[in-house]
Amino acid sequence: MILCDIGNTHLHFYENSKISTYTPQNLPPKLEGAVFFISVNTQHTQALLNICPQAQDIAPLIHLPTSYQGLGVDRKAACLGLGSKSGVVVDAGSAISLDIMENSQHLGGVLLPGLSAYQKAYKSIAPILDQPLDRDIDLEQLPQSTAQAVSFGTLQSVLLLLKKVIGDKQAYFTGGDGAFLARFFPKSVYDPLLVFTGMQRALKQ
């Protein structure tokens with residue numbers, strides 16, 4: 001069995017306890033066996049179906065108690081991945097989502113741009129702001145250059161919101177930038193399989 005989480009940038013596959021990541025342009029020529037997917041991008045879904053017409057969309061199987069309108073299927077799956085645990089699910093990919101779970105109930109959530117989206121936004125403002133993100137910048141010191149200012153502004157705007165929402169709750173990070181952001185929260189857990197665990201739970205229900 002192969003599970004596939006289709007995002008706005010990449011397609012992530014889980015098979016035999018291993019994760020592999022592809023862009024829509026470099027997918028393998030074909031996939032063998034049963035393939036189950038969730039998707040937030042219709043064009044990327046079609047890319048999967050082009051190489052694997054038998055792939056099944058399991059979004060209808062993913063149910064999460066919530067009053068939130070329009071909650072993405074990827075966020076639902078990540079929250080289901082917690083099982084009965086309470087806490088804040090932080091999925092840091094193209095966008096960064098924060099979802100609060102308590103006793104298997106989704107209480108609400110927050111969205112903000114992903115780290116790469118910040119870089120694209122700066123670039124769109126002026127060429128001088130097209131700077132790589134310095135992930136090791138000292139956040140205790142005021143920036144002394146434009147490059148430092150861009151990295152400082154990006155990270156602090158994300159981290160301050162994360163700290164406000166997480167508070168004293170347990171945080172569970174996943175997604176491409178999840179491991180990096182988790183290091184700012186010593187008591188947090190980084191789980192790259194959170195979405196896939198949620199998909200597996202949905203299939204077993």
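How many of the residues of helix 2 are buried? We will come to that helix shortly; please keep in mind along the way that this is a predicted model.

Helix 2 covers residues 73-80, and 6 of its 8 residues are buried, so the helix is mostly covered, given that buried means under 20% relative accessible area. The buried ones are Val 73, Arg 75, Ala 77, Ala 78, Cys 79 and Leu 80. If you look around them, you will find that their cover includes strand 4 (35-39), strand 6, strand 7, strand 8 (105-113) and helix 6 (194-204).

Strand 4 is a good place to go next. Of its 5 residues, 4 are buried, so strand 4 is largely enclosed by the rest of the structure. Strand 4 also belongs to an open sheet of 5 strands, which lie in the order 3-2-1-4-5 with mixed pairing. At the edges of this sheet are strand 3 (18-22) and strand 5 (56-57), each of which pairs on one side only.

Let us walk across the sheet, beginning with strand 3. Strand 3 and strand 2 pair in the antiparallel sense over 5 bridges, and the bridge partner of His 12 in strand 3 is Thr 21. These two strands form a hairpin with 2 residues between them, where Asn 16 takes a positive phi near 55°.

From strand 2 (residues 11-15) we step to strand 1 (residues 2-6), which runs antiparallel to strand 2 and is joined to it by 4 bridges. Here too the strands form a hairpin, with 4 residues between them. Two pairs are easy to find: Asp 5 stands opposite His 12, while Cys 4 has Phe 13 as its bridge partner in strand 2. Helix 6 packs on the sheet as well, touching strand 1, strand 2, strand 3 and strand 4, and its direction makes about 120° with that of strand 1.

Strand 1 pairs with strand 4 in the parallel sense, over 5 bridges. Cys 4 turns up again here, with Phe 37 as its bridge partner in strand 4. Strand 4 is in turn joined by 2 bridges to strand 5, and these two run parallel; within this pair, Phe 36 stands opposite Gln 56. To get from strand 4 to strand 5, the chain crosses through helix 1 (residues 42-51), making a right-handed β-α-β crossover.

Now let us turn to the nonpolar cores. The largest one has 25 residues, and Leu 162, Phe 173 and Leu 181 touch the most other members. The elements giving two or more residues to this core are strand 6 (87-92), strand 7 (95-102), helix 3 (115-125), helix 4, strand 9 (171-174) and helix 5 (178-182). Helix 4 gives the most, with 7 residues. Phe 173 is a handy landmark to select: among the residues it touches are Val 90, Leu 162, Ile 166, Leu 181 and Phe 185. Apart from this core lies another, of 22 residues, which include Tyr 14, Phe 36, Tyr 172 and Leu 194.

Our last stop is Ser 151, which sits in helix 4 (residues 146-166). Is Ser 151 buried or exposed? With a relative accessible area of 0%, Ser 151 falls under the 20% limit and is therefore buried. Leaving aside residues up to four places away in sequence, Ser 151 touches Pro 132, Leu 133, Asp 134 and Ile 137.

Technical notes: Residues are numbered from 1 along each chain as its sequence is written. This is a predicted model: local features need pLDDT of at least 70, side-chain atom pairs count only at pLDDT 80 or more; totals for chains, interfaces and linings use all residues. Side-chain values use heavy atoms; hydrogens and water are left out. Buried means under 20% relative accessible area, exposed over 50%, partly exposed in between (1.4 Å probe, protein chains only). Contact means heavy atoms within 4.5 Å. A nonpolar core is a set of buried Ala, Val, Leu, Ile, Met, Phe, Trp, Tyr and Cys residues joined through side-chain atoms within 4.5 Å. Two strands pair if DSSP finds at least two bridges between them. Axes are lines fitted to C-alpha atoms, for helices over the stretch in contact, and angles run from 0 to 180 degrees between N-to-C directions. A crossover is right-handed if, with the strands pointing away from the viewer, the path from the first strand over the helix to the second runs clockwise.
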